[in-house]
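Grab a viewer and work through the exercises below. Each one comes with a solution that goes step by step.

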Amino acid sequence: MDNKAYLVQMKSSGVQGPARSVSAKALLGNGVHGGRGPTKTKSRRQRWEVKASAMAENTLNPIRAIVDGMKLTPNPEKPMISLSIGDPTVFGNLPTDGSVLQAMKDAIDCQQYNGYAPSVGYLKSRQAVANFYSRPEAPLQAEDVILTSGCSQAIELAISVLCNPGDNILVPRPGFSLYKTLAVSMGIEVKLYNLLPEKSWEMDLQHMESLIDERTSCLIVTNPSNPCGSVFSKDHLQKVLRVASKNCVPILADEIYSDMVFPGCSSPSLASLSSDVPVLSCGGLAKRWLVPGWRMGWILIHDRNDIFGPEIRRGLVKLSQRILGACTIVQGALESILNDTPQSFYSNTISFLKSNSEICFKELSSVPGLNPVMPSGAMYLMVGIEMDHFPDFKNDVDFTERLVTEQSVFCLPASAFEYPNFFRIVVTVPEELMVEACSRIRGFCQRYYRPPSCDGNDLDQ
């Protein structure tokens with residue numbers, strides 16, 4: 001650049017003064033930064049060296065790690081039956097209600113939701129969620145709701161706002177693998193507390209409390225449970241809250257399956273029972289409305305004693321601004337979806353899930369070497385494997401891998417949920433496929449089961 005003058009508009013105190021002539025040399029400092037010192041010599045890379053970030057390297061999905069390592073070659077003589085995917089839409093037998101689809105069509109046709117929404121969601125949509133979930137004992141307003149891109153983002157935001165690297169969180173075992181995936185990638189330690197299959201997967205409260213220390217930043221409670229299908233009683237949830245209150249630990253409540261509870265059971269929200277423990281409740285449309293691909297989730301902030309204060313709310317807003325949140329079309333439809341979906345739709349879905357669960361439980365309860373645990377809600381059933389009676393297999397991964405090879409039935413090994421020697425069955429498949437799958441599992445187990453030897457020592461090989 002030559003040394004001729006350029007006209008630069010200068011402003012002072014918000015009032016534009018006359019234009020002044022400033023030379024390029026004065027602006028650039030003639031090789032001197034600000035004209036105050038010598039230019040610092042920059043180091044230059046000598047070769048290409050582009051590496052993945054530490055967060056990327058530390059991100060691991062346990063389910064993918066296990067499934068991708070399995071040799072899944074179905075028997076070509078038998079149609080594949082997949083009981084592994086927690087997506088109720090896979091087989092087409094559980095469509096969402098027509099009123100839900102109409103709400104989406106109306107939101108599209110009105111062309112009012114094609115632009116960007118506030119990062120936390122439209123006020124009207126947040127108020128609709130608040131109205132739907134508000135209870136006298138746990139009131140909600142729009143300001144207590146953050147709309148997210150599915151429940152998974154809600155969980156990510158909740159962990160991110162509560163935890164720093166070096167903190168630890170308490171996670172159920174068996175439990176949804178995403179908690180660990182997110183936490184470890186952020187440098188947060190995961191401490192696993194046990195669920196008890198002999199008590200319908202209740203939390204082992206003594207074990208859970210023994211894990212708490214001064215760096216414990218939140219307790220994750222999944223109710224109803226994935227992968228167990230368990231539903232905690234009011235009494236059990238109150239005991240959980242007492243432990244959290246005693247140790248001053250906030251709760252992240254994963255309640256994506258709230259209200260997907262079989263008749264005869266009840267599942268109050270944690271926040272409705274809490275007198276002092278602050279709760280971030282994560283939910284969404286995915287499971288109850290059978291539209292997981294629409295990616296509409298939310299965080300409900302329950303903090304009646306102002307323990308979170310403005311800081312956590314402000315933090316959630318800031319974190320939501322990293323991306324622009326939930327789909328605006330679904331936000332536009334949300335009020336109608338929540339208010340106009342008929343009760344019969346919910347009831348029919350739950351009736352189907354309970355019926356399939358009962359079929360599966362009954363069929364597998366009589367299979368030697370298997371110990372199914374009857375669920376009370378959600379979409380899953382866990383089955384224990386008495387590995388001592390199946391000496392041909394090393395573990396649950398080996399067992400389920402061979403089940404695919406021979407019977408073309410894929411169940412997810414519970415090692416993916418940190419709980420070996422079990423497998424998880426998704427009960428959303430059509431009834432005839434559930435019956436067929438159970439029949440194949442029975443045949444498989446009958447082939448490989450070895451009863452105890454008569455002398456009670458080694459198994460009869």
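What follows is a set of exercises on a predicted model, moving from the whole chain to its salt bridges and then its pockets.

**Exercise 1. Get an overview of the chain: how many helices and strands does it have, and what share of its residues count as buried?**

Step 1: Start with secondary structure. The protein chain has 15 helices and 18 strands.

Step 2: Now burial. The chain runs to 461 residues, and 49% of them count as buried.

Step 3: Check the contacts. Taking those between residues at least 6 apart in sequence, 71% join residues at least 24 apart.

Step 4: Finish with the surface. About 22700 Å² is exposed by the protein chain, with carbon and sulfur atoms supplying 50% of it.

**Exercise 2. Take Lys 191 and Asp 213: where does each one sit in the chain, and is each one buried or partly exposed?**

Step 1: Confirm the pairing. Their side chains meet in a salt bridge, at 2.9 Å from N to O; the cut-off is 4 Å.

Step 2: Place the partners. Lys 191 belongs to strand S8 (residues 189–196), while Asp 213 is in the loop between helix H8 (205–210) and strand S10 (216–222). The two are 22 residues apart, and the pair links distant parts of the chain.

Step 3: Apply the accessibility threshold. Lys 191 has a relative accessible area of 15%, so it is buried, as buried means under 20%. Asp 213 comes in at 30% and is therefore partly exposed.

**Exercise 3. Look at two salt bridges within helices: which helix holds Lys 354 and Glu 358, and which holds Arg 440 and Glu 436?**

Step 1: Do the lysine pair. Lys 354 and Glu 358 form a salt bridge whose closest N and O atoms are 3.9 Å apart. Both are in helix H13 (residues 343–365), and because they are four residues apart, about one helical turn separates them.

Step 2: Check their exposure. Lys 354 is partly exposed at 25% relative accessibility, and Glu 358 is partly exposed at 38%.

Step 3: Do the arginine pair. Arg 440 and Glu 436 meet in a salt bridge at 2.9 Å, N to O. Their helix is H15 (residues 431–448), where they too are four residues apart, about one turn.

Step 4: Check exposure again. Arg 440 is buried, with a relative accessible area of 7%, whereas Glu 436 is partly exposed at 34%.

Step 5: Zoom out. The structure holds 16 salt bridges, and Arg 402, Glu 406 and Arg 447 are linked in a network of them.

**Exercise 4. Describe the largest pocket and the second largest pocket: how much space lies in each, and what lines them?**

Step 1: Size up the largest pocket. About 740 Å³ of space lies in it. Its lining has 28 residues, with Ile 63, Gly 86, Phe 176, Asn 226 and Lys 287 closest to the centre.

Step 2: Sort that lining. It divides into 15 nonpolar, seven polar and six charged residues. Helices H3 (62–67), H6 (150–162) and H7 (178–185) each supply at least two.

Step 3: Move to the second largest pocket. Here there is about 340 Å³ of space. It is lined by 21 residues, and Tyr 133, Glu 255, Ser 258, Asp 259 and Ser 269 lie nearest its centre.

Step 4: Sort this lining as well. The split is eight nonpolar, nine polar and four charged. Strands S12 (279–284) and S13 (297–302) each supply at least two residues, and S12 gives the most, with four.

Methods:
Residues numbered from 1 in each chain as written. Predicted model: local features only at pLDDT ≥ 70, side-chain atom pairs only at ≥ 80, totals over all residues. Heavy atoms only, no water. Buried < 20%, exposed > 50% of the residue type's maximum accessible area, 1.4 Å probe, protein only. Contact = heavy atoms within 4.5 Å. Areas by Shrake-Rupley, 256 points an atom, 1.4 Å probe, with all protein chains shown as cover. 1 Å grid on protein atoms, 1.4 Å probe; cavity = no way out; pocket = protein on both sides within 12 Å on 5 of 7 lines; lining within 4 Å. Points joined across faces, edges and corners; volume = space filled by probe spheres on them. Nonpolar A, V, L, I, M, F, W, Y, C, P; charged D, E, K, R; others polar.
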